[in-house]
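Open the model in your viewer and keep the selection panel at hand. The tour below goes from one interface to the next and says what to select at each stop.

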Amino acid sequence: MGDSTTAGAPSEQQLAALVDTLAADPDRRHELMDLLREDHAFYDQRSTTAISRMRGWILLALARFGLPETALVFVLEELSTGVDAYLVAAAARALRSHPAPAAAFAPFVMRALTNVRNRDEPVSFDSYGDYAARDTGTSAVRELLATLAWLGPHAAGVLSEVEALRTLRGGLFSRTLRLDVDRAVAAIRDADRASVPAADSCCGVSDNIGTSSWVRDSRRDSRSIEQAVFEDHAGAAVSFQEFFRGHASIVVFFYTRCDNPLKCSLTITKLARVQKLLATRGLDDRVHTAAITYDPGFDLPERLRRYGQDRGVRLDAGHRMLRTTDGLEALRRHFNLGVNFIESLVNRHRIEAYILDAEGRVARSFERIAWDEQQLVDHAVQVMNEERDATAAHAPKSGCCHRAVSSAGR
Amino acid sequence: MKVEIEVNNSTDPKAQFVTWTPCPCRIRVTDPTGVTASTVNLRIAATAAAAGGEVVFRAGTSGAFSATLTVQVPTSGSTVPFFAAGRFGRASTRSGDATIQARMGTTSVGTADVMVRIRKNANALTSDERDRFVAAFAQLNNQGAGRFSDFRLMHTDESSPQAHFAAGFLPWHRAYLLDLERELQAIDPSVALPYWRFDQPAPKLFNRDFFGVSDSLGAVQFSAGNPLRFWTTDGVQGINRRPFFNTSTGRPGVRTEAQTLALGGGGNLYRLFRNLEGNPHGTAHTSFGGSISSIGTAARDPLFFLLHCNVDRLWAKWQRQFGRANPAQASAYDSNPDNPVGHNLADSMWPWNGIVGGDRPSTAPGGALAASSAVSAPGPQPRVQDCVDYQGSVSAAARLGFDYDDVPSA
Amino acid sequence: MATKRKAAKRPAAARKAKRPATRSIRQATSLATSSRQDVASRLSALAEMPMTGEDDAHLRAVLAVVVNTSEPIAVRLAALQTLQTASFSSAAFPAFRGDYIAALRTLTQDPDPELRQRVLGFLAREKDGFAQKKLLEGLRDPAKALVPPEKALQLLSYDVHAEAYPIARAIVSKPPNPTARREALRLLAADAKAAPMFERLLRDKDETREIRQISAAALQATKPDTLQKHAREILLDPSEQDEIQATCLTALTQFGNTEAVAGDTTLMKRIERLRGKASSNVKRSARQFLTKYGR
């Protein structure tokens, strides 16, 4: 099937060929991770559906040779917030190529089942860009159920939810899928497999997957962005320096035209809960919050305000929804934003939340995997308290699945 | 002497609206100057502008209504209750076109301007009623930046099991329409949601000054002064609606009203009646190409709400005809043990309940159901059962504050 | 002695109403899918098919009619509508949806243009990548077009994240027909960067009324202050088209900066004069505007 081509950019078929080449070369396979960055040039000016094809193909390539640890976060991201059947199916298949099943994977698989069961469709992995025009023998839900079967006893923690799928009303599961559910249940209950030790130590899933921390001295300074100017939900102009300097801040990114409710809508809803947690702890004056739109041309103040208010967000001098009126590129660089565009519209973005220190520098990032409100607040408090204890160094968190702390700054 | 008349037990201008259903009123003396007796006889009557609404009265919770009512009112200032209702068939056409007047002898001692606010056939609205409704609706949409975006987000593929495929289809949509109508009334209190009587031609509805005329492409065309030409959803302006019938002279191939009302079978059972979800409801949706013909995009077309208003009217008419207003009555609802969550009588309904995750969608747009100054039901987080007895015929407190032009009070 | 109560009489309309055909799903499916039945009977069966139960066998049987090109097109279209109706009401539909989408993809190449259009419409509303690719291919290479270009653009606009912007701009510059240009502009209105183009189009008196009105709506969405400025100038210009003035009045009435507009005495005087103008659209819009501003 033909693919889309944007002027001057590599075609989708060229990307697919590159992916196959990289995947086949053990010395270059790691380069596939770079292709999964949202801001990669390959995704510029692509449609969201094209990006799904491209990312799905990369995940499938990773699956052919065993999923490396560094790719795990991308797979779990897709399971946690993906709504495209092909991409979720590819992620489910990729997970099965991980060296060992782990109990921590099971909630992600169940989450994906909930997300995608109303959007399931047959998928084809035969060649790049294939769309199923008949029953292909697999679909997103079938791949997820197969992954549950692969997890076997490691999915014991979700057994009751899996069993509940059998009796799911609303006709959501056909006879074929009910057989798949039975197979998964049988695998989970399999006494023979239950004796196999669970690989639940490091490199199952760390509690902090997607989270990164930077010690004070290693943080990129904010001078390049200090003059960036925003307009807030009330139409007031404020510079980066004016709003973010002098106190810790929690920053999330979103846009009102996001059509994945598990991303932006949920992010802003959770921001409202974060604000309430801060208020409960008497910290709402000491930790500011900001929601910055990726789409400043469309998300005018009235749209920002309505979007926030409808999700319970508090809006005042210390808690704002912002659009960039000057300095968008500087903003992208400062936060290393995981976003790309087709014209002025976002075509793909990751979930991302940040904690800035009192100098506006990124101290913590929470990427891809849905962050926990309490966790975010706790980290913000830690950063806030840095000023009080300036001599204590915050050692980077150890363990895998974290981005390595760069001594050169971010 | 002066008296104060409270409608819906309130002097709030937003409460001065009555329907066919009896609404509680009160009268009290606020200034007894010129009266020495401890009580005074007052005659309560209503005047109506030409083509205005007519109001009738009775003293208690039962008995016939009449054009006048005599009450004995203490001059101490204590209130005396009575009931008012619109005379069936004589709805208002604008706010305040009916006046409740209290007379002592021939002297008027107090008045209250009211409106008999009724949901009407969209094809029969006056041009003024039409223009006010359209203006309010366009304001609610506000080019995609208004509160309407929440209503659009309440009706998607992801959320469809909350509102379809099971017994709660009718109550859920009743709550949905009520929420929208109250938001419209916050913009213009004189507005009531009209219905599209889809089993009859509606040339005045499919008109450039109202809900538009579709060109051959299905792009809806409006007159230059119609604010619906600014209608925007999902970031895209315009409405796509391609009728498969002649909107000037014809109608969709749906069941007639009489056929629909007979769906309940010999026992007039809700469990059979709710098959109207297929035909005429689903058939009305799919008598067009365009947004309204798919569940996930249907709410992008404002006609969706008039379609559903007619579905609700059919339910209301069926309830009235066969005495099916009591949720505790087995024939009035389908309390199937297999009903999914959100479809049982005692279940609260998403999104108003704010419950997310699990069997519910991931976000709950819009918050609580809008309040009314005229009635207290169904409450901010309605249950299914709160949306059955809409006229309060079983329990007066259950009255939802709307009525249809051709469905009298029970 | 107990009084024998008379059974309540059902209202006349209900007594007279003919009960809808209470065929079972099996009967209706059998009738609808049988090529031995006449078309009228099959259409009737499809229209009245009960949408109950969780078994999707009847949906699959009807789908088989839709995909069968040897069936009469009227029956195929009615069968498609039946399945679309089922998507709103049948508890069996969610389990069936994936296979439905897969089957519809094959129908994008169907010989019947109406069927193709309806199928592409459904898929486009689902933001189906397959349908988007086909529509874009057809716009880039008319020999591969499955629907007219204006319809392809309209369907692509269901997804603001579709890759239609470059081709839409090309069509604006070199339109195959006026309707295609119009739909291309409507699609481009989703891109905030296109605002300067819409400003130019709005003020171009040689443009059609429709294009100028789309431009006004586009600017209102992304640059409301700019639209307000232009709307004012258009209203003050006696040589401007009535329809455009009415549109601008509506924009100011509904969405204008109330304070700024209320304080603009020159504008107010002009609109008061317009209230007496002959064109009914302008008069009506002027009246509504002045009512809002208490005049």
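Across the interface of domain 1 of chain C and domain 2 of chain C there are two residue pairs in polar contact, both residues of each pair being at pLDDT 80 or more. The model is a predicted one.

**Stop 1: the two domains of chain C**

To see both sides of this interface, select residues 127-188 of chain C for domain 1 and residues 193-295 of chain C for domain 2. The C-alpha centres of domain 1 of chain C and domain 2 of chain C are 30 Å apart. Six residues from domain 1 of chain C and eight residues from domain 2 of chain C make the contact.

Now colour α11(C), which gives five residues, the largest share, to the side of domain 1 of chain C that touches domain 2 of chain C. By type, that side of domain 1 of chain C holds three nonpolar, no polar and three charged residues.

How much area do domain 1 of chain C and domain 2 of chain C bury between them? The figure is about 630 Å², with 70% of it on carbon and sulfur atoms. Show Arg181(C), Arg182(C) and Leu185(C) as sticks: these three supply 70% of the area that domain 1 of chain C buries against domain 2 of chain C, more than any other three residues.

Two salt bridges are counted between domain 1 of chain C and domain 2 of chain C. For a salt bridge to look at, keep Arg181(C) on display and add Glu207(C); their closest N and O atoms are 2.6 Å apart.

**Stop 2: chain C against chain B**

Next, show chain C and chain B together. Here 58 residues of chain C are in contact with 59 residues of chain B. The area buried between chain C and chain B is about 4700 Å², and carbon and sulfur atoms give 52% of it.

Four salt bridges are counted between chain C and chain B. Select Arg284(C) and Asp209(B), whose side chains meet in a salt bridge with an N to O distance of 3.1 Å. The count of residue pairs in polar contact between chain C and chain B, both at pLDDT 80 or more, is 20.

Several helices of chain C are worth colouring at this stop. Those that give two or more residues to the side of chain C that touches chain B include α5 (73-89), α7 (113-125), α13 (209-222) and α18 (280-292) of chain C. Which element gives the most to the side of chain C that touches chain B? That is α13(C), with eight residues. Coloured by residue type, the side of chain C that touches chain B shows 23 nonpolar, 19 polar and 16 charged residues.

**Stop 3: chain B against chain A**

Hide chain C and bring up chain A beside chain B. In this contact, 25 residues of chain B meet 19 residues of chain A. About 1500 Å² is buried between chain B and chain A, of which carbon and sulfur atoms give 47%. Pick out Ala145(B), Glu158(B) and Thr363(B), which supply 28% of the area that chain B buries against chain A, more than any other three residues.

How many salt bridges are counted between chain B and chain A? The count is zero. Two residue pairs in polar contact, both at pLDDT 80 or more, are counted between chain B and chain A.

Select residues 148-153 of chain B, helix α2, for the largest share of the side of chain B that touches chain A, which is three residues. That side of chain B divides into seven nonpolar, 12 polar and six charged residues.

**Stop 4: the two domains of chain A**

For the last stop, show chain A alone. Select residues 12-195 for domain 1 of chain A and residues 211-393 for domain 2 of chain A. The C-alpha centres of these two domains of chain A lie 31 Å apart, and the contact takes 25 residues from domain 1 of chain A and 19 residues from domain 2 of chain A.

Domain 1 of chain A and domain 2 of chain A bury about 1800 Å² between them, 50% of it from carbon and sulfur atoms. Add Glu38(A), Gln45(A) and Thr81(A) as sticks, since they supply 34% of the area that domain 1 of chain A buries against domain 2 of chain A, more than any other three residues.

Three salt bridges cross the interface of domain 1 of chain A and domain 2 of chain A. Finish on Arg348(A) and Glu78(A), which form a salt bridge with their closest N and O atoms 3.1 Å apart.

Terms used: Residues numbered from 1 in each chain as written. Chains lettered and ligands numbered in written order. Heavy atoms only, no water. Domains from an automatic or database assignment. Contact = heavy atoms within 4.5 Å. Buried area = accessible area lost by both parts, 1.4 Å probe. Polar contact = N/O pair within 3.5 Å; in protein donor to acceptor, adjacent residues only side chain to side chain. Helix = DSSP H or I, 4+ residues; strand = E, 2+ residues; numbered from the N terminus. Nonpolar A, V, L, I, M, F, W, Y, C, P; charged D, E, K, R; others polar.
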